[in-house]
Amino acid sequence: MMSATELQNLIDGRLIPAASGDVLDSIDPSTAAVWATIPRGGEADVAAAVDAATRAFDGWWGGAALERSAHLRRISDLMAEHGRDLAETETRDNGRPISETTSFDVAACVQMFQYFAGAADKIEGSTVNVSPASFNFTRREPL
C-alpha cells in the first residue's frame with residue numbers, strides 16, 4: 001500500500017503545515033483510500049495568507065506591466081509543462097476521468113493564464129479633449 005502524500009499550505013513563499021497541525025484526509029474515489037493529507041487551515045492560517053498577500057500586493061502592483069505579464073506567462077508555461085501531473089492529482093482528488101482533467105481542467109487553466117498574461121500590459125485609459133486648453137483622462141487600474 002502506498003503512503004499518503006503530505007501536502008502543505010503555501011504562505012509567503014513557504015510550504016508550511018496548518019498552524020493547528022490538523023489535517024484533512026483526501027480520499028481517492030476510485031480506491032476509497034487516503035491518497036493525501038491536507039492542512040486543515042483555520043483562522044490563523046487565513047490571517048497569515050492575507051497578510052502575505054497584502055505585503056506582496058505593493059510589489060506586484062508597483063512592478064512594470066511587462067514584468068507582470070512575464071510572471072503570468074511563466075505560470076502558464078509551468079502548468080503546461082507539468083500538466084499531466086496536475087491532471088493526475090485532480091483525478092485522484094475528485095475521481096473525474098484523466099481525459100477530462102487533462103483536456104479540460106489543466107488546458108483551461110493554461111489558457112486563462114495566457115489570456116491574462118496578454119492582457120496585463122494592455123490596460124489603457126482614454127483621453128478626452130474638453131477644450132483647446134485642457135483635457136481629461138481616465139487611468140484604468142486593476143484592483
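Here is a short chat between a trainee and a mentor about a predicted model.

Trainee: Let's start with salt bridges. What makes the contact of Arg55 with Asp51 a salt bridge?

Mentor: The closest N and O atoms of Arg55 and Asp51 are 2.3 Å apart. The cut-off is within 4 Å, from a side-chain nitrogen of Lys or Arg to a carboxyl oxygen of Asp or Glu, so the Arg55 and Asp51 contact counts.

Trainee: And how far apart do Arg55 and Asp51 sit in helix α1?

Mentor: They are four residues apart in helix α1 (residues 43-62), so about one helical turn separates them. Asp12 joins in as well: Asp12, Asp51 and Arg55 are linked in a network of salt bridges.

Trainee: Why are Arg55 and Asp51 called partly exposed?

Mentor: Check the numbers. Arg55 has a relative accessibility of 44%, and Asp51 has 42%. Buried is under 20% and exposed is over 50%, so values in between are called partly exposed.

Trainee: Which residues does Arg96 meet in salt bridges?

Mentor: One is Glu100, at 3.0 Å from N to O. Another is Asp105, at 2.5 Å from N to O. Both values fall within 4 Å, so both contacts meet the cut-off. Across the whole structure, the search finds seven salt bridges.

Trainee: Is Asp105 buried or exposed, and how do you know?

Mentor: Buried, because its relative accessible area is 15% and the limit for that word is under 20%. Arg96, at 26%, is partly exposed, and so is Glu100, at 35%.

Trainee: Asp105 turns up in a pocket too. Which residues line the second largest pocket?

Mentor: Asp105 shares that lining with Met79, Leu86, Thr89, Glu90, Val106 and Cys109. Helices α3 (83-94) and α4 each give two or more residues to the lining. The volume of this pocket is about 190 Å³.

Trainee: Staying with α4, why is Tyr115 called exposed?

Mentor: Its relative accessible area is 57%, and exposed means over 50%, so the label fits Tyr115. Tyr115 is found in helix α4 (residues 98-119). Together with Met112 and Phe116, Tyr115 makes a nonpolar surface patch of about 370 Å².

Trainee: On to the strands. How do you know that β1 and β5 pair?

Mentor: Pairing needs at least two bridges. Strand β1 (residues 5-6) and strand β5 (residues 33-39) are joined by two bridges, so they pair, and they run parallel. Glu6, for example, has Thr37 in β5 as its bridge partner.

Trainee: What about β4 and β5, and which residue is the partner of Val23?

Mentor: Strand β4 (residues 23-28) pairs with β5 in the antiparallel sense, over six bridges. The partner of Val23 in β5 is Pro39. The hairpin of β4 and β5 has four residues between the strands.

Trainee: What is notable about phi of Ala32 in that hairpin?

Mentor: Phi of Ala32 is near 65°, a positive value in a residue other than glycine. Ala32 is exposed, because its relative accessibility is 61% and the limit is over 50%. Asp12 also has a positive phi, near 60°, and Asp12 lies in the loop between β2 (9-11) and β3 (14-16).

Trainee: Last one: how many bridges pair β6 with β7?

Mentor: Five, in the antiparallel sense, between β6 (residues 126-131) and β7 (residues 134-138). Thr127 stands opposite Phe137, and the hairpin leaves two residues between the strands.

Note on methods:
Residues are numbered from 1 along each chain as its sequence is written. This is a predicted model: local features need pLDDT of at least 70, side-chain atom pairs count only at pLDDT 80 or more; totals for chains, interfaces and linings use all residues. Side-chain values use heavy atoms; hydrogens and water are left out. Patches are made of residues with over 30% relative accessible area and no salt bridge: like charges are joined within 9 Å, nonpolar side chains (Val, Leu, Ile, Met, Phe, Trp, Tyr) within 5 Å. Accessible areas come from the Shrake-Rupley method with a 1.4 Å probe; for residues, only the protein chains shown count as cover. Buried means under 20% relative accessible area, exposed over 50%, partly exposed in between (1.4 Å probe, protein chains only). On a 1 Å grid over the protein atoms alone, a cavity is a set of points where a 1.4 Å probe fits but cannot get out, and a pocket is an open set with protein on both sides within 12 Å along at least five of seven lines; lining residues have an atom within 4 Å of a point. Grid points are joined across faces, edges and corners, and a volume is the space filled by probe spheres set on the points.
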